[in-house]
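Student: Please choose one part of this structure and take me through its surroundings slowly, since I am still learning how to read a model.

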Amino acid sequence: MFPESSTDYGYEACKATADWLLEHAPVRPLVGIVCGSGLGGLADMLKDQKFFSYSEIPNFPKSTVHGHAGRLVFGNLKGKPCVCMQGRFHLYEGYSIQKITMPIRIFKLMGVETVILTNAAGGLNQDYKVGDVMIIKDHINMPGFAGNNPLCGQNDDRFGIRFPCMSDAYDKEMMQLAQKVGNELGYSHFLKEGVYCVLGGPSFETIAECRMLNRLGADAVGMSTVHEVIVARHSGMRVFALSLITNKAVMDYSSEEKANHEEVLQTGEQRSQQLVKLVSTMVSRMTHPNDFKL
Ligand SMILES: O=P(O)(O)O[C@@H]1C[C@H](O)[C@@H](CO)O1
């Protein structure tokens, strides 16, 4: 899908929404968290919560996917002011790529410095098991290969430069911190590091597609996150992202397995507590964007 870019999601619209939120929110957030499918429980870790349904936020898209509640939750996490998207937007919902990434620009305009993204993904790497958590170290932007990139259209220098670098998209210190915290919590056996590939969805991949993506170097496949990462990096925010491996991608013609959304949500629920613990401990160690207690 290649919708026309629109001024509806430009700087002025984002600024108006950010100002509206700051007027009504209890905190000015420094950390922005995006919950993947079935991972909305991450928002429950915020104390002194105030939430807004997406339908009441000016200019905001509406969530249409089961497992994405559609609420923006503000609160404190271990004393750090945070905002959490309990539900994200996907290309396959019919929104333009600019619209689905608009909340990330709103994060920026509210003062967010670090974005933590989570998603549910299919495991392509044969060593991965259902329930593994993959720290994303890099991505493959398949829709981008076909010209569908959230930065297409006129560049607005108030957000960032025309040609942003993506070879440093995923913050190395945050990745190190995740490994360290994961170790301390006894999560090392299910903590991996790998490459996430985004596709448009909503159909799950064919066997041939999974085999191809694996050969191209992808460890996990999903339908989100990368567009948000590109927009966050464009505007200079630090990015950390995690994939929960909710299912094994089917790579074998003799397999009876079939990818399905119910399994995705169920795995999310099963790993939810550990993900909350991992993310909240990481946030508690983030004393300042460039200052960690490793
Ligand atoms: O928002 P995420 O990427 O976690 O959602 C994944 C991709 C599809 O939206 C859905 C498929 O089950 O989960």
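Tutor: Helices and strands here are DSSP runs, of at least four residues for a helix and at least two for a strand, and they are numbered from the N terminus. Keep in mind that this is a predicted model. With those terms, His90 can be placed in the loop between strand S4 (80–86) and helix H2 (97–110). Its relative accessible area is 5%, and because buried means under 20%, His90 counts as buried. Leaving out residues up to four places away in sequence, His90 touches Val65, His68, Tyr95, Ile100, Met223 and Ser224.

Let us now turn to the part I would like to examine most closely. The unreviewed UniProt entry carries a "binding site" annotation that covers Glu205 and Asn247. These two residues span 43 residues in sequence, yet their C-alpha atoms are no more than 12.1 Å apart, so they gather at one spot. Both Glu205 and Asn247 belong to the lining of the second largest pocket.

Glu205 sits in the loop between strand S7 (191–198) and helix H5 (207–215), and, beyond residues up to four places away in sequence, Glu205 touches Leu199, Cys210 and Val221. Asn247, by contrast, lies in strand S9 (residues 238–248) and is buried, with a relative accessible area of 6%. Setting aside neighbours within four places in sequence, the residues in contact with Asn247 include Gly122, Val130, Ala259, Glu263 and Val264.

Glu263 and Val264 fall within helix H7 (residues 261–285), whose N-terminal end is capped by Asn260, with a side-chain oxygen 3.3 Å from the backbone nitrogen of Glu262. Further along, H7 bends by about 55° at Arg271.

Technical notes. Residues are numbered from 1 along each chain as its sequence is written. This is a predicted model: local features need pLDDT of at least 70, side-chain atom pairs count only at pLDDT 80 or more; totals for chains, interfaces and linings use all residues. Side-chain values use heavy atoms; hydrogens and water are left out. The expected span of a helix is 1.5 Å times one less than its number of residues. The bend at a residue is the angle between axes fitted to the seven residues ending there and the seven starting there. A polar contact is a pair of N or O atoms within 3.5 Å; within protein, one must be able to donate a hydrogen and the other to accept it, and residues adjacent in sequence count only if both atoms are side-chain atoms. Buried means under 20% relative accessible area, exposed over 50%, partly exposed in between (1.4 Å probe, protein chains only). Contact means heavy atoms within 4.5 Å. UniProt positions are given in the numbering used here, feature names are shortened, and annotations may be inferred rather than shown by experiment. On a 1 Å grid over the protein atoms alone, a cavity is a set of points where a 1.4 Å probe fits but cannot get out, and a pocket is an open set with protein on both sides within 12 Å along at least five of seven lines; lining residues have an atom within 4 Å of a point.
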